[in-house]
Amino acid sequence: MSDLALEVNALHFAYTPVNAPKGPPVLEDVTLNLPKGSRCILVGANGAGKSTLLQILAGKKLTRSGAKVLGQDVFFSTPQGVTYLGTEWAANPVVRSDLVVSHFLDSVGGYRHQERRDRLLDILDVDLNWHMHEVSDGERRRVQIVSGLMAPWEVLLLDEVTVDLDVLVRSRLLAFLTEETQTRNATILYATHIFDGLDSFPTHLCHIQLGTTLPPSPLSWPVVFPSSDPSATVEGVPAGVREKMEDPERPGSKLLELALAWLAQDKERRIEKEIAVGGTKKRGAAKKAEGETTDSEAFYKKYDYNN
Ligand SMILES: Nc1ncnc2c1ncn2[C@@H]1O[C@H](COP(=O)(O)OP(=O)(O)OP(=O)(O)O)[C@@H](O)[C@H]1O
């Protein structure tokens, strides 16, 4: 039995519109091998392919890539014990109808996992008497998370579902998820754009740039630098970022410093790609084509990242 919860090697994917030829690749050469019990944050710009990757692993999009979850090829079937929570759930008219939360949770099996359900109701601060059409977006999200996490899972695929939680609920949820991985050896892959308050959560990071994972994938977190020499860095951490991460005066988290550097690089690569295919209409690409400094280059310089 493999100790890997996720096995993704050289995965490619392109969307195929109805009655049209296959589109350009959205994922190319994606590699992510994640041990059981790990908590991996997926980092990448808007449009990088994070949701697409999570949906492939959840069996919601099919590709013959050989990607395995819990040892099983997801092209053929998604194994038991995989839970996917994405943002599209909240748009479903059923979860916006006059439905009492206790009935909704029972309809998705809450009565079978009463102890876990009650603990999650407390952590997510959800009232069983709420009516789904009368709650706020964040409260509705909290109900979704309770409903998704009640049954014990082995792999949790989280796509941005924590963005509308208040900070107390988010922090209690992250503590619960950490406990789940430590006590049950469960595994989490989590795409988010909010990096503050997250430094102690992940065991690994995965940087996805324009549909491709950059090595090492995953990068172990927290990063252990090879020596106390400030110029010593590790593969995957751009030069100059270590200093930012170790600066006690930095405004945000260490993870935020690394994510800012990665996303600035992503933007540069995107502009280079746009120029290569002659797409100079976009502001950054047009500037770069004319030899001017782009906004992200200026950002990069300001933060002294040596690309
Ligand atoms: N149904 C679709 N048909 C065609 N292309 C799509 C479809 N859904 C997404 N894409 C394209 O696939 C690429 C990756 O999208 P995806 O939603 O996976 O990115 P993401 O990293 O999750 O972005 P975000 O951070 O904005 O949520 C984007 O270029 C997007 O335009």
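## Close-up views of a predicted model

**Figure 1. Helix 4 and its surroundings.** Helix 4 covers residues 137-149, and its 13 residues reach 18 Å from the first C-alpha to the last, close to the 18 Å expected at 1.5 Å a residue. The model shown here and in the other views is predicted. Ten of the 13 residues are buried, so helix 4 is largely enclosed by the rest of the structure. The buried set contains the charged-name run Glu139, Arg140, Arg141 and Arg142, together with Val143, Gln144, Ile145, Val146, Ser147 and Leu149. The cover over these residues includes strand 6 (82-85) and helix 2 (101-107), as well as helix 3 (114-123) and helix 5 (167-184).

**Figure 2. The whole chain, for orientation.** The chain contains nine helices and eleven strands. Its C-alpha trace spans about 60 × 55 × 45 Å along the principal axes. A compact globule of 307 residues would have a radius of gyration near 19 Å, and the 21 Å of the chain agrees with this. Buried residues account for 36% of the 307 residues. Of the contacts between residues at least 6 apart in sequence, 64% join residues at least 24 apart.

**Figure 3. The span annotated in UniProt.** An unreviewed UniProt entry places the feature "domain: ABC transporter" at residues 6-235. In the model, the end C-alpha atoms of residues 6-235 lie 22 Å apart. Helix makes up 24% of this span and strand 23%.

**Figure 4. The four-stranded sheet and helix 1.** Four strands form an open sheet with antiparallel pairing, in the order 2-1-4-5. Strand 2 (25-35) and strand 5 (72-73) stand at the edges; each has a single partner strand, so one side of each is left without a neighbour in the sheet. Helix 1 (residues 50-57) packs on the sheet and touches strand 1, strand 2 and strand 4. The direction of helix 1 makes about 60° with that of strand 2. Within the sheet, strand 1 (residues 4-14) and strand 4 (residues 68-69) run antiparallel and are joined by two bridges. In one of the bridged pairs, Leu6 has Val69 of strand 4 as its partner.

**Figure 5. Two residues with positive phi.** Most residues other than glycine have a negative phi. Ala10 has a positive phi, near 50°, and is placed in strand 1. Ala10 counts as exposed because it has 12 C-beta neighbours inside 10 Å, the cut-off for exposed being 12 or fewer. Asp125 also has a positive phi, near 55°, and lies in the loop between helix 3 and helix 4. With 14 other C-beta atoms within 10 Å, Asp125 is partly exposed.

**Figure 6. Two cis peptide bonds.** Most peptide bonds are trans. The bond from Pro215 to Pro216 is cis, with omega near -10°. Pro216 belongs to the loop between strand 10 (212-213) and strand 11 (219-220). The bond from Trp221 to Pro222 is also cis, with omega near 0°. Pro222 sits in the loop between strand 11 and helix 6 (241-246).

**Figure 7. Leu219 in strand 11.** Leu219 is found in strand 11. This residue counts as buried, because 21 C-beta neighbours lie inside 10 Å and the cut-off is 20 or more. Leaving aside neighbours within four places in sequence, Leu219 is in contact with His204, Leu205 and Gly236. Cys206 is 13 residues from Leu219 along the chain, and the C-alpha atoms of the two are separated by 6.2 Å.

**Figure 8. Helix 7 and the glycine after it.** Helix 7 covers residues 254-276 and has 23 residues. From first C-alpha to last, helix 7 reaches 34 Å, close to the 33 Å expected at 1.5 Å a residue. The buried residues towards the start of the list for helix 7 include Lys254, Leu255, Glu257, Leu258 and Ala259. Also buried in helix 7 are Ala261, Trp262, Leu263, Ala264, Asp266, Lys267 and Ile271. Gly278 follows helix 7 and has a positive phi, near 80°.

Definitions and conventions: Residues numbered from 1 in each chain as written. Predicted model: local features only at pLDDT ≥ 70, side-chain atom pairs only at ≥ 80, totals over all residues. Rg over C-alpha atoms; globule rule 2.2 N^0.38 Å. Contact = placed C-beta atoms within 7 Å. UniProt positions renumbered as here; feature names shortened; annotations may be inferred. Pairing = 2+ DSSP bridges. Axes fitted to C-alpha atoms, helices over the stretch in contact; angles between N-to-C directions. Expected span 1.5 Å × (residues − 1).
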